[in-house]
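Visitor: I would like to learn how to read the features of this structure one at a time. Where should we begin?

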Amino acid sequence: MCTLSWPRGGDAQTFIASAQLAAGASADALNAINFDSFVKAAITTFQNATGWRPFLGKQSVRVFDPPGPERGAGGHYGGGRKLFLSGGLLSITSLTVSVTADSAGRVLTKGRDFWLRPSSAINDGEPFRFIEFASTQYGAPESIVIDGVWGFALTIPEDVWQAIISKAASDAAPQLAISIAQGLASRKAGDEEERYASGRDTGPLTGEAHQWAEYFNAIVADYKQVSL
């Protein structure tokens, strides 16, 4: 399953409620937790940790220096044919190159003047990582302008969606645990009694929060960008 958007705070609240982990907390206490902020923070953490910013594809314009080691007279850069994008490119609308910063620029044609690489990216379910030009590039700093959809994917994979929910739940757990324990050493529901250990990193939801955090870290490792 994939979704077109990131999860929301209500999804994290539903996740905890459906797992029957908040039985000891009042509805008011649960509603008082700002799950939206925890989800937003989890998304930011995921994107920063994986290196995919943004992860979910978004149309925007980015500028680059011409690739290569040369830094010549007049401020011209270049000498190379491969432009590494430091991020994912899912599709391209236009690519323009200029010799000088104030020149109009020339629109290049994909498949003739440049190619998106690696060529197997889309079939592998990944974005393009660099551009290979047909000829060596020279020009002023930031003279290559790319308009396209940047990101890792156009939809959020199920494991990533669940990882964000898990991270949000893990971060919200200490606040929720206060409502559950209410300063007590145990909680009794019917004939069953759950006792809480005392001390650092103990109490209701401690074990669950640890598992949620571990799951999030595992998914981050799966999607972490590897430098080319």
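Guide: Begin with strand pairing: two strands pair if DSSP finds at least two bridges between them. The model here is predicted. In it, strand E6 (residues 114-117) and strand E7 (residues 128-139) pair in the antiparallel sense, over four bridges.

Visitor: Which residue of E7 is the bridge partner of Leu116?

Guide: Ile131 is the partner of Leu116. Ile131 also has a residue of another strand opposite: Leu83. Strand E4 (residues 77-97) runs antiparallel to E7, and seven bridges join the two.

Visitor: How do I read the two faces of a strand?

Guide: In a regular strand, side chains alternate between the two faces of the sheet. E6 can be read in this way: Phe114 and Leu116 make up its covered face, while Trp115 and Arg117 make up the uncovered one.

Visitor: What is the secondary structure of the protein as a whole?

Guide: There are five helices and eleven strands. Of the 228 residues, 41% count as buried. The exposed area of the protein is about 12500 Å², with 50% of it supplied by carbon and sulfur atoms.

Visitor: What share of the contacts with a separation of 6 or more comes from residues 24 or more positions apart?

Guide: Such residues account for 74% of those contacts. Lys82, in strand E4, can serve as a case. Lys82 and Glu132 are 50 residues apart in sequence, yet their C-alpha atoms are 4.6 Å apart in space. Leaving aside residues up to four places away in sequence, Lys82 touches Pro67, Phe130 and Ile131.

Visitor: Is Lys82 buried, exposed or partly exposed, and why?

Guide: Lys82 counts as partly exposed because its relative accessibility is 45%, and the class of exposed residues requires over 50%. Glu126, in the loop between E6 and E7, is also partly exposed, with a relative accessible area of 41%.

Visitor: What does Glu126 touch, not counting residues up to four places away in sequence?

Guide: Glu126 touches Ala121 and Phe152. Measuring from C-alpha to C-alpha, Glu126 is 8.0 Å from Gly88, which is 38 residues away in sequence.

Visitor: How should I read aromatic pairs?

Guide: Look at the distance between ring centres, then at the angle between the planes; over 60 degrees counts as edge-to-face. By this rule there are twelve aromatic pairs. One of them joins Phe152 and Tyr223, with 5.5 Å from centre to centre and 80 degrees between the planes, an edge-to-face arrangement. This pair links distant parts of the chain, since Phe152 is in the loop between strand E8 (144-150) and strand E9 (156-157), and Tyr223 is in helix H5 (residues 206-223), 71 residues apart.

Visitor: Are Phe152 and Tyr223 buried or exposed?

Guide: Both are buried. They also belong to one aromatic cluster, together with Trp6, Phe46, Trp52, Phe55 and Phe216.

Visitor: How is empty space inside a model found?

Guide: Rolling a probe the size of a water molecule over the atoms shows where empty space is left. A search of the whole structure finds one cavity of 30 Å³ or more. The largest cavity holds about 30 Å³ of space. Its lining includes Trp52, Arg53, Pro54 and Arg62, and Gly87, Gly88, Trp150 and Gly151 also line it.

Visitor: What kind of peptide bond joins Arg53 and Pro54?

Guide: The bond is cis, with omega about 0 degrees. Pro54 lies in the loop between helix H3 (35-50) and strand E2 (58-64). Another cis peptide bond joins Arg117 and Pro118, with omega about -5 degrees. Pro118 is in the loop between E6 and E7.

Visitor: What should I note about the phi of Ser86?

Guide: Ser86 has a positive phi, about 55 degrees, although it is not a glycine. Ser86 is in strand E4 and counts as exposed, at 66% relative accessibility. Glu142 is not a glycine either, and its phi is positive at about 60 degrees. Glu142 sits in the loop between E7 and E8 and is exposed, with a relative accessible area of 53%.

Key
Residues numbered from 1 in each chain as written. Predicted model: local features only at pLDDT ≥ 70, side-chain atom pairs only at ≥ 80, totals over all residues. Heavy atoms only, no water. Buried < 20%, exposed > 50% of the residue type's maximum accessible area, 1.4 Å probe, protein only. Contact = heavy atoms within 4.5 Å. Areas by Shrake-Rupley, 256 points an atom, 1.4 Å probe, with all protein chains shown as cover. Phe/Tyr/Trp six-rings, centres within 6.5 Å; stacked < 30°, edge-to-face > 60°. 1 Å grid on protein atoms, 1.4 Å probe; cavity = no way out; pocket = protein on both sides within 12 Å on 5 of 7 lines; lining within 4 Å. Points joined across faces, edges and corners; volume = space filled by probe spheres on them.
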